Amino acid sequence: MDETFTKTLNANANQAEMNDNVHLNLDADELIFYNSIRADLDLLAKKPKVQTIHQILDYSKSLR
């Protein structure tokens, strides 16, 4: 019988560590591109109000 699961899990839950490690796997062109769009990417990050999240969840539950 074959094993169908992964024995090791290499997930990073630490957001700061993930942000530090993102530069390790980039070559020069990718790093230049990343630095040029980094400010725009930060603008895309949204922090919705708790009320908005509850409305979305209520809507989702109503579709079941």
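Colleague: What makes you say that α2 bends, and where?

Modeller: In this predicted model, α2 turns by about 50° at R38. The figure is the angle between axes fitted to the seven residues ending there and the seven starting there, so the bend is placed at R38.

Colleague: How do you know what span to expect of helix α2?

Modeller: The expected span is 1.5 Å times one less than the number of residues. Helix α2, residues 28-44, has 17 residues and reaches 24 Å from its first C-alpha to its last, close to the expected 24 Å.

Colleague: Why is α2 called hardly covered?

Modeller: Buried means under 20% relative accessible area, and the count of buried residues among the 17 of α2 is zero; therefore α2 is called hardly covered. For the chain, 0% of the 64 residues count as buried.

Colleague: Which elements have the lowest and the highest mean pLDDT?

Modeller: The order from the N terminus is α-α-α. Helix α1 (residues 15-21) has the lowest mean, 62, and helix α3 (residues 50-62) the highest, 93. The chain averages 77, with 62% of residues scoring at least 70. Where pLDDT is low, predicted coordinates should not be read in detail.

Technical notes
Residues numbered from 1 in each chain as written. Predicted model: local features only at pLDDT ≥ 70, side-chain atom pairs only at ≥ 80, totals over all residues. Heavy atoms only, no water. Helix = DSSP H or I, 4+ residues; strand = E, 2+ residues; numbered from the N terminus. Buried < 20%, exposed > 50% of the residue type's maximum accessible area, 1.4 Å probe, protein only. pLDDT = per-residue confidence, 0-100.
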